[in-house]
Amino acid sequence: MKRHILFPGLFALLSVLSCVALDGVVVVNEAVPATQLTAGALKDILTGKTMYWDGGAAINIVTAGEKADAALEQASGMTPSAFKTHWQRLAFSGRGQPPKKADDAAKALALVASTKGAIAILPAGSDTKGAKSLAIQ
Amino acid sequence: MTPQNPRISAVCLALLAGSTATAWDLKLGEKTASFHGFASQGFLASTDYDYLGRSRDGSFEFNEFGLNTSISPFNRTRITAQAFTFDVGNVGNYELILDYASIEYTVNDHVGFRGGRVRRPGGIYNHIQDVDLARTAILLPQGMYDARWRDFSTSIDGGLVFGSFSLGSGGALSYEAYAGYMNLSKEGGVARILENGLPPAPIGGFSGIDKSLIAGAQLWWNTPVDGLRFGVSGGQVFDFTWHISVAPPFGPGGMKTEVDIPFGQVSLEYQKDGWTFQTEYYSYKTTGFDMLENGMILAPTSSQPDVWYVGLSKRLTPWLELGSYYTEYFTDVDNRGGVGTAVPSDAFQKDAALSARFDITDWWIFKLEGHYIRGTGLLHSSTLNPVRNDDGWWLFAAKTTLSF
């Protein structure tokens with residue numbers, strides 16, 4: 001009987017934990033058609049599983065420096081070093097275009113604004129003027 | 001010590017060091033071609049035997065250089081290519097090769113196509129075995145990912161279909177299926193190994209390897225447990241044929257060996273909180289015939305090596321990662337001790353490795369590694385190592401890689 005109570009409770013707890021809000025803000029180039037993403041879809045983009053937006057334009061990931069590492073880790077499920085290694089594996093085997101690096105949120109924002117199909121995760125509270133913010137469900 | 005072509009190494013390393021480690025972008029109208037590259041220079045030193053070069057004296061013949069570019073010219077389409085050169089002992093010798101050059105069209109997440117010269121998937125590391133940046137260890141388990149065999153294992157001229165499917169609460173399944181031709185150099189690693197098994201010249205001489213068809217698939221199940229994935233791959237090389245010239249008194253004439261090579265691999269990887277656990281098993285079987293060039297069969301031939309490893313690594317700080325693995329390779333699954341053979345220690349090679357990786361900057365890494373090895377099954381050079389036994393021996397490796 002206890003087991004029947006325990007498992008639904010555990011799943012509910014895991015569901016709550018997996019829905020913790022992203023501690024950052026997701027911005028994309030103005031020409032990107034999407035207005036929102038699920039957390040799963042964002043993770044698929046960050047891991048290279050999804051490489052094109054609806055409509056077919058290539059996705060260009062931009063990283064925003066150390067202050068955005070925590071949010072990137074939360075969204076991708078990978079530590080910063082694992083994220084870097086993952087994309088090096090894809091890039092040097094001809095399977096993907098590695099993220100463009102920016103030193104901080106302002107430079108990442110400028111890169112997103114000027115690069116078609118670009119997406120970046122900025123630290124929470126960052127200025128997003130010039131790009132489009134995406135809601136993460 | 002045996003520095004080989006040190007000017008090339010120095011120039012490549014200097015160029016990369018001066019590149020400020022930033023990818024180069026080339027604007028082509030509204031599109032951008034991005035360029036990335038890496039340069040690795042290694043050093044090997046060993047006791048008892050020469051392995052992967054003349055390592056007993058210390059060898060710098062251990063390096064790789066790659067430069068790749070990619071562009072997305074149309075929707076859902078990507079073109080990518082990589083130039084590559086390497087040197088491992090007497091293999092590679094800085095010959096510049098087109099490592100891959102392909103065009104890819106992704107229909108959706110479930111189906112995509114890649115054609116041209118493509119990297120062949122196989123386990124965790126086959127398609128990235130020369131990317132030093134992508135792992136903790138300098139030398140991967142050599143029975144599975146032999147640094148000298150890259151012309152056999154990494155790229156094929158053909159096509160590949162790929163995609164992934166969600167399994168809902170069961171995780172996700174990704175696949176790659178491929179078919180194409182291998183182009184094996186007469187100077188390549190496989191050729192060197194086959195050559196090593198021949199009677200000494202002038203009695204026997206290695207003539208070459210035919211182009212062979214290969215087909216196979218890799219499946220990965222990304223389980224519902226975050227970071228845990230399980231892989232299975234398999235395939236076959238069809239009519240793999242190599243040729244030997246025979247001199248008097250047994251010749252003159254020519255012989256060939258023609259075999260089919262089915263192969264299979266299972267893989268498990270778990271990554272969590274900076275820890276990475278990996279284990280894999282791989283085996284292949286050669287079955288066919290030794291025959292005269294006119295097709296007259298002389299004798300059947302077969303062999304079945306296998307190899308496994310288990311490894312663990314931990315990212316301790318942003319700049320330090322430690323790792324270790326243990327691997328066992330056997331030349332013949334039916335005679336793992338080499339009983340009754342001329343050199344029993346050639347039947348196996350068992351290797352315990354300990355590695356340290358230092359990420360000095362975002363674009364510069366340095367690695368140190370020690371190996372304690374028993375067996376001589378992967379030396380593949382009777383000339384350099386005429387006397388072999390199963391006493392333990394040591395191998396030390398160091399390597400630095402620059403990338404952008």
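This passage describes chain A, its interface with chain B, and several charged and polar sites in a predicted model.

We may begin with chain A, which holds five helices and six strands. Read from the N terminus, these elements follow the order α-β-β-α-β-α-α-β-α-β-β. Of the 137 residues in chain A, 47% are buried. Contacts that span a long stretch of sequence are well represented here: among those in chain A between residues at least 6 apart, 74% join residues at least 24 apart.

Helix H3 of chain A, residues 69–76, offers a helpful example of how burial is arranged. Its buried residues are Ala71(A), Leu72(A), Ala75(A) and Ser76(A). Viewed down the axis of H3(A), these buried residues fall within an arc of 115 degrees, so they line one face of the helix. The cover over them includes strand S1 (24–28), helix H2 (39–46), strand S3 (60–63), helix H4 (80–91) and strand S5 (118–123) of chain A. Just after H3(A) comes Gly77(A), with a positive phi near 80 degrees. Elsewhere in chain A, Lys49(A) and Asp44(A) form a salt bridge through their side chains, at 3.8 Å from N to O. Lys49(A) is partly exposed, its relative accessible area being 33%.

Attention now turns to the meeting of the two chains. The size of an interface is often given as the accessible area lost when the parts come together. Between chain B and chain A this buried area is about 2,800 Å², with carbon and sulfur atoms giving 41% of it. Three residues, Arg76(B), Arg78(B) and Asp362(B), supply 19% of the area that chain B buries against chain A, more than any other three residues. In terms of contacts, 43 residues of chain B meet 27 residues of chain A.

Polar and charged pairs are found across this interface as well. There are 18 residue pairs in polar contact, counting those with both residues at pLDDT 80 or more. The side of chain B that touches chain A draws two or more residues from each of S2, S3, strand S4 (77–88), strand S5 (97–106), strand S6 (112–119) and strand S8 (172–182) of chain B. By type, the residues on that side of chain B divide into 11 nonpolar, 16 polar and 16 charged. Six salt bridges cross between chain B and chain A. One salt bridge pairs the side chains of Lys84(A) and Asp362(B), at 3.1 Å from N to O. A network of salt bridges also links Arg95(A) with Arg78(B), Glu104(B), Arg114(B) and Glu176(B).

Ser70(B) gives a closer view of the same region. This residue sits in strand S3 of chain B and is buried, with a relative accessible area of 6%. Its side chain makes a polar contact of 2.3 Å with the side chain of Gln97(A). Beyond its neighbours within four places in sequence, Ser70(B) is in contact with Gln97(A), Thr32(B), Ala33(B), Ser34(B), Arg78(B), Ile79(B) and Thr80(B).

Over all chains, the count of salt bridges comes to 26. Within chain B, the side chains of Asp99(B) and Arg119(B) form one at 2.2 Å, N to O. Asp99(B) belongs to strand S5 and Arg119(B) to strand S6 of chain B, so the pair ties together parts that are 20 residues apart in sequence. Asp99(B) is buried, with a relative accessible area of 2%, and Arg119(B) is likewise buried at 2%. A further salt bridge joins Asp132(B) to Lys367(B), whose closest N and O atoms are 2.9 Å apart. This pair links distant parts of the chain, 235 residues apart: Asp132(B) lies in the loop between S6 and helix H2 (150–153), and Lys367(B) in strand S19 (residues 364–375) of chain B. Both Asp132(B) and Lys367(B) are buried.

A last site in chain B is Asp50(B), found in the loop between strand S2 (31–46) and strand S3 (62–71). Although it lies in a loop, Asp50(B) is buried, with a relative accessible area of 7%. Its side chain reaches the backbone nitrogen of Ser55(B) at 3.1 Å. Leaving out residues up to four places away in sequence, Asp50(B) touches Ser55(B), Arg56(B), Leu379(B), Leu384(B) and Asn385(B).

Methods:
Residues are numbered from 1 along each chain as its sequence is written. Chains are lettered from A and ligands numbered from 1 in the order in which they are written. This is a predicted model: local features need pLDDT of at least 70, side-chain atom pairs count only at pLDDT 80 or more; totals for chains, interfaces and linings use all residues. Side-chain values use heavy atoms; hydrogens and water are left out. Helices (H or I, at least four residues) and strands (E, at least two) are DSSP runs, numbered from the N terminus. Buried means under 20% relative accessible area, exposed over 50%, partly exposed in between (1.4 Å probe, protein chains only). A polar contact is a pair of N or O atoms within 3.5 Å; within protein, one must be able to donate a hydrogen and the other to accept it, and residues adjacent in sequence count only if both atoms are side-chain atoms. Contact means heavy atoms within 4.5 Å. Buried area is the accessible area (1.4 Å probe) that two parts lose on being put together, summed over both. A salt bridge is a side-chain nitrogen of Lys or Arg within 4 Å of a carboxyl oxygen of Asp or Glu. Ala, Val, Leu, Ile, Met, Phe, Trp, Tyr, Cys and Pro count as nonpolar, Asp, Glu, Lys and Arg as charged, and the others, Gly among them, as polar. The arc is that of the directions from the helix axis to the C-beta atoms.
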